[in-house]
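Let's take a walk through this protein together. Have the sequence and the 3D view open as you read.

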Amino acid sequence: MPEPDVDREARPEAGPEAGPGTDPGTGSGTGPGAEPPGPFRVRPIATRRGPDPKQDRAARTRLLVLTAAAELFAARGFRHTSVQEVADRVGMTKGAVYFHYPTKEALAVAVVEQHYARWPLLLAGVTAEGHGPLETAEHLLAGAALAFRDDIVVRAGTRLQVERPQIDAELPTPYVDWTELLAGLLSRAEALGELRAGVRPRTVARSLVAALFGTQHISDVLHERADLVERWSETAELLFRAIRAE
């Protein structure tokens, strides 16, 4: 028999669902980078949300709660994490946590939104380095591997996506944005003669996404992602050597 959810008690009343102009981390109004150009678009997830933080102190508290939730979700998963455990981790009452995040689903949604918010920042940073399209793809994937290893929000968001059937919210479909981004970069690389003849950009994009996410999953299961950067470096060297023009 499946273990029941550890946190199904009644919750207090909450604010409205997110709208198109909602900042993904806080539920507040449109913030910097709320709708960046390109494939990594922030899509607020419909869920009950707490009030907008009006002061820096409230925003910092909200971030502490979100980080504590991410640590627990990454380690234990959605079903086996309770709001009380999140409250204990940050030294708050459960009611105080509910003020910021009125349901456990709202906590999970906030973590997933912040997971996705990491990728536009990575893309902007790599793009600013001025590489060609093929090298940009390499650097993006290397940066993602580093984030999967070191960023607790990325790790928690990845686990929550796997556990999406347990979460009463419509989470974004994973992998799609990465595939579209890489397909675009590889198409540009093909036009510039950077790809080996006969290589199909979209096929390679799907293969690279499968390789990255498969590698991070295996590394997580076997070594808690401690060796992920090294394992991805090995995999990337083989894949990019196979597609790069000589």
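## A guided look at the fold

Ile218, Val221 and Leu222 form a nonpolar patch on the surface, and together they have about 310 Å² of accessible area. Patches are built from residues with over 30% relative accessible area and no salt bridge, joining like charges within 9 Å and nonpolar side chains (Val, Leu, Ile, Met, Phe, Trp, Tyr) within 5 Å. Accessible areas are computed by the Shrake-Rupley method with a 1.4 Å probe, and for residues only the protein chains shown count as cover. To find the patch, look for Ile218 in helix 8 (residues 201-223).

A word on what you are viewing. This is a predicted model, in which local features need pLDDT of at least 70 and side-chain atom pairs count only at pLDDT 80 or more, while totals for chains, interfaces and linings use all residues. Residues are numbered from 1 along each chain as its sequence is written, and side-chain values use heavy atoms, with hydrogens and water left out.

Now step back to the whole chain. The protein chain has 9 helices and 2 strands, and along the sequence they follow the pattern β-β-α-α-α-α-α-α-α-α-α. Here helices (H or I, at least four residues) and strands (E, at least two) are DSSP runs, numbered from the N terminus. Of the 246 residues in the protein chain, 46% are buried. Buried means under 20% relative accessible area, exposed means over 50%, and partly exposed lies in between (1.4 Å probe, protein chains only). The accessible surface of the protein chain comes to about 12500 Å², and 55% of that belongs to carbon and sulfur atoms. Among contacts between residues at least 6 apart in sequence, 72% join residues at least 24 apart; a contact means heavy atoms within 4.5 Å.

Helix 5 (133-150) is a good place to go next. Helix 5 has 18 residues and reaches 26 Å from its first C-alpha to its last, close to the 26 Å expected at 1.5 Å a residue. That expected span is 1.5 Å times one less than the number of residues. The buried residues of helix 5 include Pro133, Leu134, Leu140, Leu141 and Phe148. What covers the buried residues of helix 5? The cover includes helix 4 (104-128), helix 6, helix 7 (176-191), helix 8 and helix 9 (228-243).

Just past helix 5 you come to Asp151, in the loop between helix 5 and helix 6 (152-162). Is Asp151 buried or exposed? Asp151 counts as buried because its relative accessibility is 19%. Leaving aside neighbours within four places in sequence, Asp151 is in contact with Arg118 and Leu146.

Arg118 also forms a salt bridge with Asp151, with the closest N and O atoms 2.8 Å apart. This pair links distant parts of the chain: Arg118 sits in helix 4 and Asp151 in the loop between helix 5 and helix 6, 33 residues apart. A salt bridge is a side-chain nitrogen of Lys or Arg within 4 Å of a carboxyl oxygen of Asp or Glu. Arg118 itself counts as partly exposed, at 25% relative accessibility.

How many salt bridges does the structure hold? There are 12 salt bridges in the structure. In one of them, Arg202 pairs with Glu180, the closest N and O atoms being 2.9 Å apart. Arg202 lies in helix 8 and Glu180 in helix 7, so the pair ties together parts that are 22 residues apart in sequence. Arg202 is partly exposed, with a relative accessible area of 37%, and Glu180 is partly exposed at 39% relative accessibility.

Move on to helix 9 for another pair. Glu237 forms a salt bridge with Arg241, with the closest N and O atoms 2.7 Å apart. Glu237 and Arg241 are separated by about one helical turn, because they are 4 residues apart in helix 9. Salt bridges that share partners also join Asp227, Arg231 and Glu234 into one network.

Finally, check the backbone at two loop residues. Tyr175, in the loop between helix 6 and helix 7, has a positive phi of about 80 degrees although it is not a glycine. Tyr175 is partly exposed, with a relative accessible area of 42%. Glu224 lies in the loop between helix 8 and helix 9, and Glu224 has a positive phi of about 50 degrees, again without being a glycine. At 69% relative accessibility, Glu224 counts as exposed.
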